[in-house]
Protein chains: 2
Amino acid sequence: MKKTSDIINKLSEQGYRLTPQRMMVLDAIENSEHHISAEEIYAQVIMEYPHLNISTVYRTLELLHRLGLVTETDLGGGRVRYHPADKGHHHHLVCQECGRVIDLDESVTDNLKQVLKRDYNFTPDIRHLALFGTCADCKR
Amino acid sequence: MKKTSDIINKLSEQGYRLTPQRMMVLDAIENSEHHISAEEIYAQVIMEYPHLNISTVYRTLELLHRLGLVTETDLGGGRVRYHPADKGHHHHLVCQECGRVIDLDESVTDNLKQVLKRDYNFTPDIRHLALFGTCADCKR
DNA sequence: ATTTTAATTGCAAAGCCTTGCAATCACCCC
DNA sequence: GGGGTGATTGCAAGGCTTTGCAATTAAAAT
Ligand SMILES: [Mn+2]
Ligand SMILES: [Mn+2]
Ligand SMILES: [Zn+2]
Ligand SMILES: [Zn+2]
């Protein structure tokens with residue numbers, strides 16, 4: 001798989017060690033169909049590497065997020081979820097009534113980003129937003 | 001103070017009990033200069049009511065937020081902060097480099113809300129947004 | 001290949017927040 | 001004012017995530 005090598009190269013270039021733990025956490029994220037949680041990554045990796053500690057998963061996620069290699073979002077449900085950045089950026093609407101999650105194109109935030117840039121010279125890091133509210137079906 | 005009575009009336013009207021714990025938590029929020037955290041509310045109330053448990057603070061905050069009487073936001077720093085809804089809605093930009101917090105008028109999200117309404121018939125509950133990024137000074 | 005060195009890990013403890021449950025208490029009715 | 005009732009509380013335990021520290025190990029230097 002090409003994507004994983006790309007991320008591995010970026011880690012290596014920036015002076016981070018390529019530990020087996022990091023490789024396996026990365027693999028779990030890249031091969032996940034949906035947004036994956038720390039606990040789910042842990043459960044998956046531990047099957048072939050039982051020595052792994054969950055704090056290493058959290059630290060790896062923090063690193064990959066800080067380097068912009070994964071996006072992080074709280075879709076409700078009490079745990080943060082992750083997504084490979086190179087699989088495309090997008091956002092979500094989450095209905096507080098029924099729990100439905102609607103996917104949004106990245107472009108919905110273009111106007112907001114532009115206004116913040118123009119009026120405040122602020123560069124927002126909006127890569128994976130989750131907005132809560134009420135969906136069409138639940139609006140009585 | 002008029003504001004507190006208003007909130008108390010709303011609680012009462014909706015059938016919620018006016019317990020001393022709720023009154024005191026409410027007081028702490030209303031009299032706070034800035035966005036206040038659960039721990040800070042707890043520390044303040046406990047001075048005159050040492051029996052209070054912090055889970056009551058969290059449950060009261062959850063109730064007030066659900067009823068739209070306080071807004072809730074994560075400005076970073078690992079704890080959620082609260083603000084009375086009747087003191088005016090607004091949003092924040094948080095610089096990830098220097099920690100600076102910029103206040104935004106509620107209207108910056110008007111366009112986004114409108115688009116979500118028009119294209120998805122979704123009514124977002126965006127009352128106190130915190131957006132992270134890089135401020136003007138930190139941009140090299 | 002061996003040594004060196006700092007980054008990384010596992011472990012245990014802690015921090016923030018939520019939740020189940022039994023005891024308490026605000027409010028309604030008389 | 002004195003019950004009755006269900007909402008609310010305190011307490012203790014648990015869930016998710018972070019953090020300090022000593023031991024390990026990837027990678028660089030020899
Ligand atoms: Mn996503
Ligand atoms: Mn605010
Ligand atoms: Zn819905
Ligand atoms: Zn800054």
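Which residues in α2(B) meet which residues in α3(B)? Keep that question in mind while opening this predicted model, and begin the tour in chain B.

**First stop: α2 and α3 of chain B**

Select residues 20-30 of chain B, which form helix α2, together with residues 38-45 of chain B, which form helix α3. On the α2(B) side the contact consists of B:Met24, B:Val25, B:Ala28 and B:Ile29, and these meet B:Ile41, B:Gln44 and B:Val45 on the α3(B) side. Coloured by residue class, this contact divides into six nonpolar residues, one polar residue and no charged residue. The two helices pack at an angle of about 115°, and their axes lie 9 Å apart. Since angles of 65 to 115 degrees count as roughly perpendicular, α2(B) and α3(B) are therefore described as roughly perpendicular to each other. Looking at how the pair passes, one finds that α2(B) and α3(B) make a right-handed crossing.

**Second stop: adding α4 of chain B**

Keep α2(B) displayed and add residues 54-66 of chain B, helix α4, which packs against α2(B) at an angle of about 70° with the axes 10 Å apart. That angle makes α2(B) roughly perpendicular to α4(B). To see the contact itself, show the side chains of B:Gln21, B:Arg22, B:Val25, B:Leu26 and B:Ile29 in α2(B), and those of B:Thr56, B:Val57, B:Thr60, B:Leu61, B:Leu63 and B:Leu64 in α4(B). Here the residues divide into seven nonpolar, three polar and one charged.

**Third stop: α3 against α4**

Now hide α2(B) and look at α3(B) with α4(B), which pack at an angle of about 125° with their axes 9 Å apart. That angle makes α3(B) oblique to α4(B). As α3(B) passes α4(B), the crossing is right-handed. Select B:Ala38, B:Glu39, B:Ile41 and B:Tyr42 in α3(B), which meet B:Ile54, B:Val57, B:Tyr58 and B:Leu61 in α4(B). This contact holds seven nonpolar residues, no polar residue and one charged residue. With α2(B) shown again, two residues are worth labelling: B:Ile41 of α3(B) takes part in the contact with α2(B) and also in the contact with α4(B), while B:Val25 of α2(B) appears in the contact with α3(B) and in the contact with α4(B).

**Fourth stop: the zinc site of chain B**

Which atoms coordinate the zinc ion (ligand 4)? Centre the view on this ion and display B:Cys95, B:Cys98, B:Cys135 and B:Cys138, whose SG atoms coordinate the zinc at 2.1 to 2.5 Å. The four donor atoms subtend angles of 103 to 123°, which makes the arrangement tetrahedral. Traced along the chain, the donors follow the spacing C-x2-C-x36-C-x2-C. Distant parts of the chain are linked here, with B:Cys95 in strand β4 (residues 90-95) of chain B and B:Cys135 in the segment after β7 (130-134) of chain B, 40 residues apart.

**Fifth stop: chain A**

Move to the zinc ion (ligand 3), which is coordinated by the SG atoms of A:Cys95, A:Cys98, A:Cys135 and A:Cys138 at 2.2 to 2.5 Å. Its four donor atoms make angles of 103 to 122° in a tetrahedral site, and the donors follow the spacing C-x2-C-x36-C-x2-C along the chain.

To finish, zoom out to the whole of chain A, whose C-alpha atoms fill a box of roughly 50 × 40 × 25 Å along the principal axes. Its secondary structure comes to five helices and seven strands, and a cartoon followed from the N terminus shows the elements in the order α-α-β-α-α-β-β-β-β-α-β-β.

How values were computed. Residues are numbered from 1 along each chain as its sequence is written. Chains are lettered from A and ligands numbered from 1 in the order in which they are written. This is a predicted model: local features need pLDDT of at least 70, side-chain atom pairs count only at pLDDT 80 or more; totals for chains, interfaces and linings use all residues. Side-chain values use heavy atoms; hydrogens and water are left out. Axes are lines fitted to C-alpha atoms, for helices over the stretch in contact, and angles run from 0 to 180 degrees between N-to-C directions. Helices (H or I, at least four residues) and strands (E, at least two) are DSSP runs, numbered from the N terminus. Angles under 35 degrees count as roughly parallel, over 145 as roughly antiparallel, 65 to 115 as roughly perpendicular and the rest as oblique. A crossing is left-handed if the near helix is turned anticlockwise from the far one by less than a right angle, and right-handed if clockwise. Contact means heavy atoms within 4.5 Å. Ala, Val, Leu, Ile, Met, Phe, Trp, Tyr, Cys and Pro count as nonpolar, Asp, Glu, Lys and Arg as charged, and the others, Gly among them, as polar. Donors are N, O and S atoms within 2.8 Å of the metal (3.2 Å for Na, K and Ca); water is not among the atoms, so sites may look incomplete. Four donors count as tetrahedral if all angles lie between 85 and 135 degrees; four count as square planar and six as octahedral if opposite donors are over 155 degrees apart and all others between 65 and 115; anything else is irregular.
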